[in-house]
Amino acid sequence: MPTVLIADDSETILLLLRTRLELAGYKVETAADGQEVTERVDPSAEGGPDLLLLDAMMPRKSGIDALRELRAAGLRTPALIVSAHQDPSDADTPTDLEISGFVTKPIDFDMLLDAVAELTAKNPA
């Protein structure tokens, strides 16, 4: 069963994402911000999450900054960025971070589940 690590500063969004992904058969871990993600994910360790689902804007450390730090440390796990911006260029999303996709809020859960399924199938647990 693939593991998805979700980071969002909204408890409501975390609960919605967790519920939808667990109902779809994924193991889900959550983090309140990017700082928590970088503290919990060890790029050199085996058995980490199969997919990161990171909110672009969070306190302490954004999802973008967390991904930048993890990529610099060698993490190649697929990552989806979640943002309220309808256009990825509006969110100042860097092109050098190997971002696997972009999810806009409000979240279309069918599209999200399709993207998660595709990315975790490429990187099975």
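# Exercises on a five-strand sheet

Both faces of β4 are covered: Ala79, Ile81 and Ser83 are buried on one side, and Leu80 and Val82 are buried on the other. Keep in mind that this is a predicted model.

**Exercise 1. Decide whether β4 is enclosed or open, and say why.**

Step 1. Recall the cut-off: a residue is buried when its relative accessible area is under 20%.

Step 2. Count the residues of β4 that pass. Five of the five are buried.

Step 3. Conclude. Because five of the five residues are buried, β4 is largely enclosed by the rest of the structure.

**Exercise 2. Sort the residues of β3 by the way they point.**

Step 1. Use the general rule. In a regular strand, side chains alternate between the two faces of the sheet.

Step 2. Apply this to β3. Leu51, Leu53 and Asp55 point one way. Leu52 and Leu54 point the other way.

Step 3. Check burial. All of these residues are buried. Strand β3 spans residues 51-55, and five of its five residues are buried, so β3 is largely enclosed by the rest of the structure.

**Exercise 3. Work out which strands pair with β3, and in what sense.**

Step 1. Recall how pairing works. Strands of a sheet pair through backbone hydrogen bonds, either parallel or antiparallel.

Step 2. Look at β1, residues 3-7. Four bridges join β1 to β3, and the two run parallel. Here Ala7 has Leu54 as its bridge partner in β3.

Step 3. Look at β4, residues 79-83. It pairs with β3 in the parallel sense over four bridges. Leu54 has Ile81 as its bridge partner in β4.

Step 4. Trace the connection. From β3 the chain passes through helix α3, residues 63-72, to reach β4. This β-α-β crossover is right-handed.

**Exercise 4. Lay out the sheet and find its edges.**

Step 1. Write the order. The open sheet has five strands, β2-β1-β3-β4-β5, with parallel pairing.

Step 2. Find the edge strands. β2 (27-31) and β5 (101-104) each have a single partner strand, so one side of each is left without a neighbour in the sheet.

Step 3. Add the twist. It averages 20° from one strand to the next.

Step 4. Inspect the β4 and β5 pair. Four bridges join these parallel strands. Ile81 has Phe102 as its bridge partner in β5. Val82 stands opposite Val103 in β5.

**Exercise 5. Find which side of α3 is buried and what it packs against.**

Step 1. List the buried residues of α3. They are Gly63, Ile64, Ala66, Leu67, Leu70 and Arg71.

Step 2. Place them around the axis. These residues cover an arc of only 160°, which puts them on the same side of α3.

Step 3. Name the neighbours. The buried residues of α3 pack against α2 (34-40), β3 and β4.

Step 4. Look past the helix. Gly74 follows α3, and its phi is positive, near 105°.

**Exercise 6. Summarise the whole chain.**

Step 1. Count the elements. The protein chain has four helices and five strands.

Step 2. Read along the sequence. The pattern is β-α-β-α-β-α-β-β-α.

Step 3. Turn to burial. Of the 125 residues, 46% count as buried. The protein chain exposes about 6500 Å², and carbon and sulfur atoms supply 50% of that.

Step 4. Consider the contacts. Take those between residues at least 6 apart in sequence: 63% of them join residues at least 24 apart.

How values were computed: Residues numbered from 1 in each chain as written. Predicted model: local features only at pLDDT ≥ 70, side-chain atom pairs only at ≥ 80, totals over all residues. Heavy atoms only, no water. Buried < 20%, exposed > 50% of the residue type's maximum accessible area, 1.4 Å probe, protein only. Pairing = 2+ DSSP bridges. Right-handed = clockwise from strand over helix to strand, strands pointing away. Axes fitted to C-alpha atoms, helices over the stretch in contact; angles between N-to-C directions. Contact = heavy atoms within 4.5 Å. Areas by Shrake-Rupley, 256 points an atom, 1.4 Å probe, with all protein chains shown as cover. Arc of directions from axis to C-beta.
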